[in-house]
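Student: I should like to go through this model and ask on what grounds each label is given.
Tutor: Please do; each label will be set against its definition.

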Amino acid sequence: MKQSVSKDRPLIIIGAGGHAAVLAEIIKLRNLPVVGVVALNEQEIKGYPEYPYLGKDEEIDEYDPATIQLVNAVGAVSVEKNAIREQLFHQFTQKGYHFATLIHPSAVVASTATFKEGAQIMAGAIIQPNVVIGHNTIINTGASIDHDCEIGDNVHIAPRATLSGNIKVGNKTHIGVGATLIQGITVGDEAMICAGAIVIRPIASQRKVLGSYKRLAQGNDKNEEI
């Protein structure tokens, strides 16, 4: 396991909503230094008023990439929000900036788990042996990722979702609150697994899964629902 946070490189938090407040709590618990927050306006900062407001995103360009790390605090509660989150990650990594990987102290994390840049692991999450978590991916509160799962980039695993062993999840996929996926299946890129769904077979890219009570629609439309 590797947590890419250096106390020699303080953090700049990008965003000021609910997800940002949750990340700020991890930062406080880890006793990590913070330069400040960038957001659309100072009034948005509610969950961490002790951190100074630096201005809008472009203020980051005033800092040498070698001296700071960024925290992507934009949430991923929808496809649109996740697109903004992904855009921010690429915008600043292309300029040479790096994003901190943050892990809540209460998360249960196996020593053989791997976290790529910008991964965020929230309170009570369980990450079992040989799991790989992709770039800029959120494993939210109380989610459980069992052994040998591979989670792609820019993914959101919502609170209390459960993934059994040997599951592969593609890039930009959303797995909703309380969803359950059985072992060994693959979920493609940009899929949407809605809250409470029980997934017992592979899901192709760009499919939307409403719940186990519906059968897969006929045809080849990319938005077929279960």
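Student: How many helices and strands does the protein chain have?
Tutor: The protein chain has two helices and 22 strands. Both kinds of element are DSSP runs numbered from the N terminus, helices being H or I over at least four residues and strands E over at least two. The model is predicted, so local features need pLDDT of at least 70 and side-chain atom pairs count only at 80 or more, while totals for chains, interfaces and linings use all residues. Residues are numbered from 1 along each chain as its sequence is written, and side-chain values use heavy atoms, with hydrogens and water left out.

Student: What is the average pLDDT of the protein chain?
Tutor: The average is 89, and 85% of the residues score at least 70; pLDDT is the predictor's confidence in each residue, from 0 to 100. Over residues 213-224 pLDDT stays under 50, and the model has 19 contacts there beyond four places in sequence, a contact being heavy atoms within 4.5 Å.

Student: Why is Cys149 called buried?
Tutor: Buried means under 20% relative accessible area, exposed over 50%, and partly exposed in between (1.4 Å probe, protein chains only). Cys149 has 0% relative accessibility and therefore counts as buried. Cys194 is also buried, because its relative accessible area is 18%. Of the 226 residues of the protein chain, 46% count as buried.

Student: How many disulfides does the structure hold?
Tutor: It holds zero disulfides; the term requires a pair of cysteine sulfur atoms within 2.5 Å.

Student: What makes the span of α1 close to the expected one?
Tutor: The expected span is 1.5 Å times one less than the number of residues. Helix α1 (residues 18-29) has twelve residues, for which 16 Å is expected, and reaches 17 Å from its first C-alpha to its last. Its buried residues are His19, Ala20, Leu23, Ala24, Ile26 and Ile27. Seen down the axis of α1, these buried residues fall within an arc of 160 degrees, so they line one face of the helix; the arc is that of the directions from the helix axis to the C-beta atoms.

Student: Which strands form the open sheet, and in what order?
Tutor: Seven strands form it in the order β5-β8-β11-β14-β17-β20-β22, with parallel pairing. At the edges stand β5 (102-103) and β22 (208-209), each with a single partner strand, so one side of each is left without a neighbour in the sheet.

Student: How do you know that β20 and β22 pair?
Tutor: Pairing requires that DSSP find at least two bridges between two strands. Strand β20 (residues 192-193) and β22 have two bridges, in the parallel sense, and Ile193 has Val209 of β22 as its bridge partner.
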